[in-house]
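Trainee: I am new to this structure and should be grateful for a close look at a single part of it. Please set that part in its surroundings and explain the reasoning as you proceed.

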Amino acid sequence: MCCARCRATECGKMPSFSWRVWPAFVLLLFTSTVAADESLLLEGWHDVWPLRFLVNMLGYFTIIIPGYFLISYFKRTNYLETGSGFCFPIIKTCVFGSEAKTGLLDDVSVAPRKEGDSGSSVRQVVKLIFCAVGLQVSYLTWGVLQERVMTRSYGATTPEEEGEKFKDSQFLVFMNRILALTVSGLWCILFKQPRHGAPMFKYSFASLSNIMSSWCQYEALKYISFPTQVLAKASKVIPVMLMGKIVSHKSYEYWEYFTAVLISVGVSMFLLSSTPSKHPSTVTTFSGVIILVGYIAFDSFTSNWQDNLFKYKMSSVQMMFGVNLFSCLFTVGSLLEQGAFFDSLAFMTRHSEFALHSLLLSVCSACGQLFIFYTINQFGAAVFTIIMTLRQAFAILLSCFLYGHAVTLVGGFGVGVVFLALFLRVYARSRMKTGRRSAQPLPQKV
């Protein structure tokens, strides 16, 4: 029988022993759990889109940050006056450019279309049909293939097999940009272009935002349906108006507010009437919304920055070449750093169907950009907007037909309201421009 002192000593030691062992036990348990799940975490991080986004951005910044310090060094040392040698023309083009801003696109190849365009009416109709068919075929095919690549599996021989899904949206962006770079480069070589004056590094800003908007566009299809994405892209006018009102204190016409309300009502009708079975998780739906917001933000920055770059003397094809040059540099650098470039190539070798789809995606993207430039040059922005608005409507119908997206009667009516509002915007804007031109006094002959 133990004495009171022994019992007190044991009672005093037991808590001390427990507090020493318990942290070690928790640490051992945590370490074993992490060791057991480490491979699973490393393999599964590709399924978490915020991590992929951050990893991609880190890859881009490994190129942007050294480039920033190099540009700062050349400007600080006044290299434009003191530099010489073989690398001087390259550094001058990339950092300083060769001409100042002009404010006008004073080149025949990029001049806006004149009302008195030469050529017969039949020839103009043939050109219009050619542009409309080219845009519709290029972007409808591109939309169908985009949904096929991002939402369906490859390699399944029977309906019971799951197959293998392609998950790296960045590789698809690289494929699109490398072909667009090749096409625009050949175009600049074969056809006369204005003397280029913009510093090349300024293309990198539009390139980075263009990469991220394209990445968001591909990535969003993992979380939302293609018709929802198309409607979200069609309703970009709403955040643009809000941003203009808050930041720039812009004023809008009554018809702009009216069409914005119509677009909001139509999108709400479509989204609220969609069947929840496709996306039952609110987290998944919320992820899709966040990615779409990112797409709209990046895409808005791209267009605004390109408008600023057009103050230099350049054609649209030169813009296409400059943006795609940096896009290829950023994406291939990030893919190689992540080790995803060769993984994607291995996926292409395993699935020849995917290789064909990715090649067709790139061809449609490059051809679509050329059709955009040609259509705007020949017929103006209003005709181009109408053609692309029709393309969005056809894309929704084609996606529902091919991939079985269920659209209710209310949802279909909402889609109709959205596109009616878009056509009203085009009509009202064209009428307003016509009224302004007629109100201008004609120059008097002396």
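Mentor: A residue is called buried when its relative accessible area is under 20%, exposed when the value is over 50%, and partly exposed in between. Asn78 illustrates the middle class: its relative accessibility is 39%, so Asn78 counts as partly exposed. This residue lies in the loop between α2 and α3, the latter spanning 79–82. Its backbone also deserves notice. Most residues other than glycine have a negative phi. Asn78, however, has a positive phi, near 55°, although it is not a glycine.

The model is a predicted one. The protein has 16 helices and zero strands, and 39% of its 446 residues count as buried. When contacts between residues at least 6 apart in sequence are considered, 84% of them join residues at least 24 apart.

The part I have chosen for the close look is helix α6, which comprises residues 169–190. Within this helix stands Asn176. The relative accessibility of Asn176 is 3%, and therefore the residue counts as buried. Beyond residues up to four places away in sequence, Asn176 touches Trp142, Tyr218, Leu361, Ser362 and Ser365. A separation along the chain can be set beside one in space: Asn176 and Ser358 are 182 residues apart in sequence, while their C-alpha atoms are separated by 8.2 Å.

One of the partners of Asn176, Ser365, may be examined from its own side. Ser365 belongs to helix α14, residues 352–379. With a relative accessibility of 10%, Ser365 counts as buried, because that value falls under the 20% limit. Apart from neighbours within four places in sequence, Ser365 is in contact with Tyr139, Trp142, Asn176 and Arg177. Trp142 thus touches both Asn176 and Ser365.

Helix α14 also holds Glu353. Here the relative accessible area is 40%, so Glu353 is partly exposed. Once neighbours within four places in sequence are set aside, the contacts of Glu353 are with Arg148 and Tyr154. The C-alpha atoms of Glu353 and Gly155 are separated by 8.7 Å, although their positions lie 198 residues apart along the chain.

Let us return to α6 and consider how it packs against another helix. Two packed helices are described by the angle between their axes and the distance between the axes. For α6 and α13 (residues 340–350), the angle is about 80° and the axes are 10 Å apart. Because angles of 65 to 115 degrees count as roughly perpendicular, α6 is roughly perpendicular to α13. On the side of α6, the contact is made by Phe171, Phe174 and Met175, and on the side of α13 by Phe341, Ser344, Leu345 and Met348. Sorted by class, this contact has six nonpolar residues, one polar residue and no charged residues.

Helix α2, which has already been mentioned beside Asn78, completes the surroundings. Arg52 lies in α2. Its relative accessibility is 8%, which means that Arg52 counts as buried. From Arg52 to Asp168 the C-alpha distance is 9.0 Å, with the two residues 116 apart in sequence.

The same helix, α2, also contributes to the second largest pocket, where it supplies nine residues, the largest share of the lining. This pocket holds about 540 Å³ of space. Its lining has 22 residues, and the closest to its centre are Gly67, Tyr68, Ile71, Phe201 and Ser204. At least two lining residues come from each of α2 (49–76), α4 (88–96), α7 (203–220) and α12 (316–338). By class, 18 lining residues are nonpolar, three are polar and one is charged.

To gather the account of α6: Asn176 is buried and touches Ser365, while Phe171, Phe174 and Met175 meet α13.

Definitions and conventions: Residues numbered from 1 in each chain as written. Predicted model: local features only at pLDDT ≥ 70, side-chain atom pairs only at ≥ 80, totals over all residues. Heavy atoms only, no water. 1 Å grid on protein atoms, 1.4 Å probe; cavity = no way out; pocket = protein on both sides within 12 Å on 5 of 7 lines; lining within 4 Å. Points joined across faces, edges and corners; volume = space filled by probe spheres on them. Helix = DSSP H or I, 4+ residues; strand = E, 2+ residues; numbered from the N terminus. Nonpolar A, V, L, I, M, F, W, Y, C, P; charged D, E, K, R; others polar. Buried < 20%, exposed > 50% of the residue type's maximum accessible area, 1.4 Å probe, protein only. Contact = heavy atoms within 4.5 Å. Axes fitted to C-alpha atoms, helices over the stretch in contact; angles between N-to-C directions. Parallel < 35°, antiparallel > 145°, perpendicular 65-115°, else oblique.
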